Amino acid sequence: MSQLILLASSVQQLDRCLPLLAHFGSTPASSVTIWVIAEAKSSLAAYANRCSEQLSVESRVQCVTENETDLLHRLSQCRHVDWFVMPYAGEQQAFFSNLFERSPCRTMLLDPGAEFSGEVGRIVELLNDESDSIGRICRANPKMAERKLAFDAPDELTAADSARRRELLVDRLAELQLQSNDLVVTAVQRTTKPNGDLAIARQLLDLDIPATVVILRHRMGWVEHTWSSIEKKIFEWSPPMEREARMELAENLADNSSLQFEFVAMMCAATCLAAFGLVQNSAAVIIGAMLVAPLMTPIMGAGLALAYGNRPLFGRAGMTVGVGFLCALATSFLFGLLVRMVQGAEVTPEMWARSNPSILDFLVGLVGGSAAAYARTRSHLSSALAGAAIAAALVPPVATAGLQLAFLPIATTPTRCLPVTGPLLLFTANVLTIMVGSSFILWLSGIRGDHRFGKKQRWANRALMLLLILTSLVLVVVVEH
């Protein structure tokens with residue numbers, strides 16, 4: 001037999017929630033268990049017992065403590081829980097909201113209308129329910145007169161900022177002319193999404209409307225529950241960016257990902273510096289080239305495009321990176337021809353060091369791209385250092401390839417070193433890992449599109465998968481050489 005569990009901490013919560021319970025069971029045989037937080041309120045437990053005797057189904061009352069860990073453990077031990085119901089009222093709103101996010105079973109957060117008579121009128125579905133939790137409520141209400149969808153285009157609501165979303169909610173609910181017996185229902189698919197269903201649900205709960213507000217969350221499997229806990233911790237340690245900061249960063253990256261003369265000039269200058277350092281076997285000069293290289297912005301622009309699902313931006317950023325690569329290769333090749341005429345062709349140890357790519361070199365791009373993206377999302381961190389990390393992975397290898405191309409044929413090649421192709425493999429692998437790493441960090445920082453399996457989201461998923469496949473292929477070539 002399935003059961004419905006109601007958690008309450010006051011007489012008012014019991015009086016307002018009990019009339020609604022008959023409309024949420026999946027079958028007439030469902031039992032009701034009332035959990036009362038009544039450590040020092042024996043009168044509340046007695047009142048709950050009197051209320052349970054008036055219910056038409058099997059019911060019982062249990063006293064529980066106001067301890068989140070204990071309650072979650074008790075829930076995990078319960079079998080056949082159809083709904084775990086909690087009110088959203090009183091001084092314990094934050095406590096109930098946190099339980100709602102972490103509950104392992106199908107969960108419901110209620111804000112009952114003050115004048116609910118016991119019979120449901122309309123059920124207004126705020127957003128499309130992919131888990132069919134709302135459908136279960138409808139099946140439990142065979143006499144329900146009408147079921148409406150408040151927003152035909154939910155993307156408009158989920159993409160709006162907080163103030164605009166509140167205006168949309170108020171206007172749309174006012175048009176529906178809600179009555180005290182109506183239910184406004186929405187289902188939360190992911191509780192940790194910074195601007196998603198839970199944010200909408202909280203704003204809905206805070207609105208002063210006559211109808212009963214019902215927030216649903218489907219049962220989580222152990223994989224989803226573990227991932228949800230990890231996401232929550234990540235957002236606690238590194239909060240997502242504010243909307244204004246996200247828009248400013250996205251606009252800056254998008255504008256500077258387009259091909260400009262300044263980018264080409266700085267790329268050529270950085271390559272010349274790197275070539276000087278490589279020919280002179282001077283690490284100090286190579287570091288100077290890292291600080292000048294402008295490759296960070298277009299590669300992060302490609303990462304932003306993956307996070308947003310913006311194909312035109314990815315194309316512009318990819319073209320900029322490609323032109324930058326060709327400029328660097330041509331500049332270093334011409335520089336190599338000049339060096340060959342002046343002092344002869346000699347491949348230095350600094351050049352050979354970038355001709356033997358290994359698995360560890362992949363981590364340079366991944367960590368560098370992640371660090372660059374994180375630094376750009378935090379105003380108090382220096383993005384110049386992150387730019388140097390990216391340049392370390394890109395400019396010297398391209399300069400090495402151009403110099404070695406100019407020095408061909410090379411008389412002596414150390415074991416496992418690959419002239420020209422080795423540095424190019426290293427460059428390709430690092431570009432791919434930087435894009436993947438930066439897009440992941442930007443996504444975690446809240447810079448993401450919300451297209452719910454639309455074309456943009458499908459394109460972003462496929463592009464990311466293609467990058468990962470290409471990275472794997474390059475890794476296989478590196479390992480086998």
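Me: Which residues does Leu 295 touch, not counting those up to four places away in sequence?

Reply: Good place to start! A contact here means heavy atoms within 4.5 Å. With residues up to four places away in sequence left out, the partners of Leu 295 are Phe 263, Met 267, Leu 394 and Val 395.

Me: From what number are residues counted along each chain?

Reply: This is a predicted model, where local features need pLDDT of at least 70, side-chain atom pairs count only at pLDDT 80 or more, and totals for chains, interfaces and linings use all residues. Side-chain values use heavy atoms, without hydrogens and water, and the numbering follows each chain as its sequence is written, starting from 1.

Me: Which helix gives the most to the largest nonpolar core?

Reply: A nonpolar core is a set of buried Ala, Val, Leu, Ile, Met, Phe, Trp, Tyr and Cys residues joined through side-chain atoms within 4.5 Å, and the largest one has 43 residues, with Leu 295, Ile 299, Leu 394, Leu 403 and Phe 407 making the most contacts inside it. Helices are DSSP runs of H or I with at least four residues, strands are E runs of at least two, and both are numbered from the N terminus. Among the helices that each supply at least two residues to this core are helix 11 (261–279), helix 14 (311–343) and helix 17 (383–407). With eight residues, the one that gives the most is helix 17.

Me: How many residues are in the other core, which includes Phe 84?

Reply: This core lies apart from the largest one, and Leu 169, Val 184 and Leu 205 are also among its residues. Its count of residues is 41.

Me: What share of the 481 residues is buried?

Reply: The protein chain has 19 helices and nine strands. Buried means under 20% relative accessible area, exposed over 50%, and partly exposed in between, using a 1.4 Å probe and protein chains only. By that cut-off, the buried share of the 481 residues is 52%.

Me: Is helix 18 largely enclosed or largely open, and how far apart are its end C-alpha atoms?

Reply: Of the 24 residues in helix 18, 19 are buried, so the rest of the structure largely encloses this helix. The expected span is 1.5 Å times one less than the number of residues. For helix 18 that comes to 34 Å, which agrees with the modelled distance between its end C-alpha atoms, 35 Å.

Me: Which residue pair is joined by a cis peptide bond?

Reply: Most peptide bonds are trans, and most residues other than glycine have a negative phi. The cis bond has an omega of about -5°, and its proline sits in the loop between helix 17 and helix 18. The pair is Leu 408 and Pro 409.

Me: Is Gln 177 buried or exposed?

Reply: Gln 177 lies in the loop between helix 7 (162–176) and strand 8 (183–188). Its phi is near 50°, a positive value in a residue other than glycine. Because its relative accessibility is 59%, Gln 177 counts as exposed.

Me: What is the relative accessible area of Asn 281?

Reply: You will find Asn 281 in the loop between helix 11 and helix 12 (283–292). Phi of Asn 281 is near 55°, again positive in a residue other than glycine. Asn 281 is partly exposed, and its relative accessible area is 36%.
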